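Visitor: I would like a close look at one part of this structure, the place where protein and nucleic acid come together. Could you take me through it slowly, and then go on to whatever connects with it?

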2 protein chains.
Amino acid sequence: MAESLMETNASCGGPDSRAVAARLAALSHPARIEILKHLSTSSSCCCREVVDRLDLAQSTVSQHLKILVEAGLVRFEPDRQRSRYAIDHAALADVSASVAALVNSCCSGR
Amino acid sequence: MAESLMETNASCGGPDSRAVAARLAALSHPARIEILKHLSTSSSCCCREVVDRLDLAQSTVSQHLKILVEAGLVRFEPDRQRSRYAIDHAALADVSASVAALVNSCCSGR
DNA sequence: ATCGTTCATCGGCGATAGACGATGAACGGG
DNA sequence: CCCGTTCATCGTCTATCGCCGATGAACGAT
């Protein structure tokens with residue numbers, strides 16, 4: 001499943017590299033990692049709860065949450081005036097697997 | 001070894017989140033992922049070889065390599081007029097482990 | 001000594017990230 | 001009905017990213 005990446009991709013970052021990079025970009029911010037950790041502790045989590053924990057403005061936290069949702073790492077469900085955010089464990093596991101695969105290919109390739 | 005992260009870090013991203021984020025940031029660019037893949041195929045790799053593969057300017061590739069070196073993912077060794085770059089497999093494995101640990105903590109914490 | 005090659009660094013430029021305050025919508029409670 | 005709470009979005013600002021061309025240093029070869 002990994003032998004189709006050097007046909008049209010020799011120039012500048014194949015689709016695979018691009019996809020992995022995009023998901024890692026969502027993870028590569030301390031606040032977002034902290035948000036994920038906090039989401040993991042409580043099953044239900046609204047925006048304000050995160051705001052209260054990290055000392056960032058509400059608008060900033062909302063943006064970080066949006067980035068995580070758009071990356072597919074966090075699921076969003078409106079609940080009355082609240083906004084419920086929850087970790088997408090499958091997606092997160094998938095990211096972990098992607099990184100592991102990248103590292104593995106770097107070791108096996110040598 | 002992981003119970004010391006919520007003492008002074010409740011505000012904005014503990015040292016751990018910061019460190020993980022920094023290393024992931026180095027990985028979160030298609031060109032750099034592609035560089036890592038290329039480094040894995042040949043044991044010795046100079047800057048020009050990478051330039052020749054990705055179609056980016058030499059200065060751009062040099063900057064990406066510098067970022068990878070500063071992140072500790074790639075080792076640098078000057079060799080005459082060349083510059084030898086090689087993957088630091090241990091560091092890369094460590095990043096993979098960090099991501100796995102983060103994902104794991106997000107699942108176990110729930 | 002001169003030329004070609006390889007490379008890091010500098011300066012500049014456009015685009016994006018990250019943070020904030022302000023605003024308005026949606027909703028519940030008084 | 002009015003107020004407080006929660007939240008997403010907008011506009012703005014600054015800092016950084018990513019890219020490039022140009023430059024000069026280091027080195028090998030002629």
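Guide: A good place to begin is B:Arg48, where a backbone N or O atom lies 2.4 Å from a phosphate oxygen of DNA strand C. Please keep in mind that this is a predicted model, so the distances I give are computed from it. B:Arg48 is one of the residues closest to DNA strand C, a group that further includes A:His64, B:Cys46, B:Ser62 and B:Tyr85, and in total 22 residues surround the strand. Of the atoms of DNA strand C that come within 4 Å of the protein, 69% belong to sugar and phosphate.

Chain A takes part through side chains as well. A polar side-chain atom of A:Thr60 lies 2.9 Å from a phosphate oxygen of DNA strand C, whereas a polar side-chain atom of A:Ser59 lies 3.1 Å from a base oxygen of that strand. If you ask which elements supply at least two residues each to this surface, they are helix H4 (58-70) in chain A and, in chain B, helix H3 (47-53), helix H4 (58-70) and strand E2 (82-87). Sorted by class, the surface near DNA strand C consists of eleven polar, six nonpolar and five charged residues.

B:Tyr85, named above among the residues closest to the DNA, leads us to the aromatic rings. Across all chains the structure holds two aromatic pairs. In chain A, the pair is made by A:Phe76 and A:Tyr85, which counts as tilted because the ring centres are 5.4 Å apart and the planes stand at 45 degrees. The pair in chain B, B:Phe76 with B:Tyr85, is tilted as well, with 5.4 Å from centre to centre and 40 degrees between the planes. The partners differ in how much of them can be reached: B:Tyr85 is buried because its relative accessibility is 10%, while B:Phe76, at 43%, is partly exposed. In chain A, A:Tyr85 is buried at 10% relative accessibility, and A:Phe76 is partly exposed at 42%.

From the DNA we can turn to places where chain A and chain B touch one another. A:Ser17, in helix H1 of chain A, is buried, because its relative accessibility is 1%. Its side chain makes polar contacts with two side chains of the other chain, that of B:Glu34 at 2.4 Å and that of B:Lys37 at 3.3 Å. Leaving out residues up to four places away in sequence, A:Ser17 touches B:Pro30 and B:Ile33 as well as B:Glu34 and B:Lys37.

A:Ser28 sits in the loop that joins helix H1 (15-27) to helix H2 (30-41) of chain A, and at 15% relative accessibility this serine counts as buried. The side chain of A:Ser28 reaches back within its own chain, to the backbone oxygen of A:Ala25 at 2.9 Å, yet among the residues A:Ser28 touches in chain B are B:Leu24 and B:Ser28.

B:Leu24 is also in contact with B:Val99, a residue that touches A:Ser96 and A:Val99 across the chains, apart from its neighbours within four places in sequence. B:Val99 belongs to helix H5 (residues 89-108) of chain B and is buried, with a relative accessible area of 1%. Although B:Ala21 is 78 residues away from B:Val99 along the chain, their C-alpha atoms are separated by 9.8 Å.

Note on methods
Residues numbered from 1 in each chain as written. Chains lettered and ligands numbered in written order. Predicted model: local features only at pLDDT ≥ 70, side-chain atom pairs only at ≥ 80, totals over all residues. Heavy atoms only, no water. Near = heavy atom within 4 Å. Polar contact = N/O pair within 3.5 Å; in protein donor to acceptor, adjacent residues only side chain to side chain. Helix = DSSP H or I, 4+ residues; strand = E, 2+ residues; numbered from the N terminus. Nonpolar A, V, L, I, M, F, W, Y, C, P; charged D, E, K, R; others polar. Buried < 20%, exposed > 50% of the residue type's maximum accessible area, 1.4 Å probe, protein only. Contact = heavy atoms within 4.5 Å. Phe/Tyr/Trp six-rings, centres within 6.5 Å; stacked < 30°, edge-to-face > 60°.
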